[in-house]
Amino acid sequence: MINLKKIYKYYDNKYERTYILKNVNLDVAEGDFVSVMGPSGAGKSTLLNIIGLLDDPNEGEYFFLDQPAHQLNEKKKVDFHRHHVGFIFQAFHLIEEMTVYENIETPLFYKGMKKKERQAVIADLLDRFNMVAKKDLFPQQLSGGQQQLVGIARAIAGKPKLLLADEPTGNLHHDQGKMIMDLLKKLNDEGMTIIQVTHNQEFANYGKRIIRLTDGEIEEEIANS
Ligand SMILES: Nc1ncnc2c1ncn2[C@@H]1O[C@H](COP(=O)(O)OP(=O)(O)OP(=O)(O)O)[C@@H](O)[C@H]1O
């Protein structure tokens, strides 16, 4: 599903080139659950953004769903991102002026889904996440764990093939974090491919594989049995 070949990402200034990712090679199969760990600044978010088609590498090839992402034009990339990738973030990134319902609805709207269909999809998600009674509340009226549930509902509403999570439990208490990880595990059991960045070893162990990124290079890969 995901094939990264000799990916390099760097920034140039007047005097030097700073490498963020160096010769990253990574294959992720459909149905996999990968945890990416590593120190701050190692390039984890950059890698996730490249995989999610939000950023471009400077060198290397990236095949997403057998398509050469490195050769797609901007419009096609945005289209691919919208249809196949869901993203969740440490800081939730919900729209504060919108209700829970409207936040979940936004990506479906951009996908061009008709109103009736949107209503059905959102009703199912609210039901599944026990959030029916919260649908007209605004994000700041929810707990952190509930906000992340909305973040996940929004990310998976369009049934993406790939869910990317950038420190999804980073702003949560342990119990809330565990609740979110249990949910990600369930989504993966149902077939969704997941790549998460985490600093938490306990939560990294939810993945089927753990990848360690240090100074932009994949240093080791531990099969997580
Ligand atoms: N536009 C930019 N210009 C120069 N350097 C950048 C730019 N964007 C990111 N970087 C650098 O790239 C490095 C990797 O950033 P990235 O956010 O991918 O790290 P990370 O491993 O996710 O870190 P953290 O765990 O702290 O979130 C950082 O040192 C950052 O300063």
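Leaving aside its neighbours within four places in sequence, which residues is A204 in contact with? The views below come from a predicted model, and the last of them returns to this residue.

**View 1. Four strands form an open sheet.** The order of the strands across the sheet is β2-β1-β4-β5, and their pairing is antiparallel. At the edges are β2 (17-28) and β5 (67-68), each of which pairs on one side only. In a regular strand the side chains alternate between the two faces of the sheet.

**View 2. Strand β1 pairs with strand β2.** The two strands run in the antiparallel sense and share 8 bridges. A hairpin of 4 residues leads from β1 to β2. For one bridge in this view, look at N3, whose partner in β2 is D27.

**View 3. Strand β1 also pairs with strand β4.** Here β1 covers residues 2-12 and β4 covers residues 59-64. They are antiparallel and joined by 5 bridges. N3 appears again in this view, and its bridge partner in β4 is F63. N3 thus has a bridge partner in β2, namely D27, and one in β4, namely F63.

**View 4. A shell of residues lies around the ligand.** Its members are Y11, I20, G38, S40, G41, A42, G43, K44, S45 and T46. Helix α1, which spans residues 44-51, gives the most to this shell, with 3 residues. Sorted by class, the shell has 6 polar, 3 nonpolar and 1 charged residues.

**View 5. A204 is in helix α7.** The helix covers residues 201-204. Is A204 buried or exposed? A204 counts as buried because it has 22 C-beta neighbours inside 10 Å, and the cut-off for a buried residue is 20 or more. With its neighbours within four places in sequence left aside, A204 is in contact with S35, M37, T198 and I210, which answers the opening question. I156 can be used to set a distance in this view: A204 and I156 are 48 residues apart in sequence. In space, the two are 21 Å apart from C-alpha to C-alpha.

How values were computed. Residues are numbered from 1 along each chain as its sequence is written. This is a predicted model: local features need pLDDT of at least 70, side-chain atom pairs count only at pLDDT 80 or more; totals for chains, interfaces and linings use all residues. A residue is buried if 20 or more other C-beta atoms lie within 10 Å of its own, exposed if 12 or fewer, and partly exposed in between; C-beta atoms are placed from the backbone. Two residues are in contact if their C-beta atoms, placed from the backbone, lie within 7 Å. Two strands pair if DSSP finds at least two bridges between them. A residue is near a molecule or strand if its C-beta atom, placed from the backbone, lies within 6 Å of it. Ala, Val, Leu, Ile, Met, Phe, Trp, Tyr, Cys and Pro count as nonpolar, Asp, Glu, Lys and Arg as charged, and the others, Gly among them, as polar.
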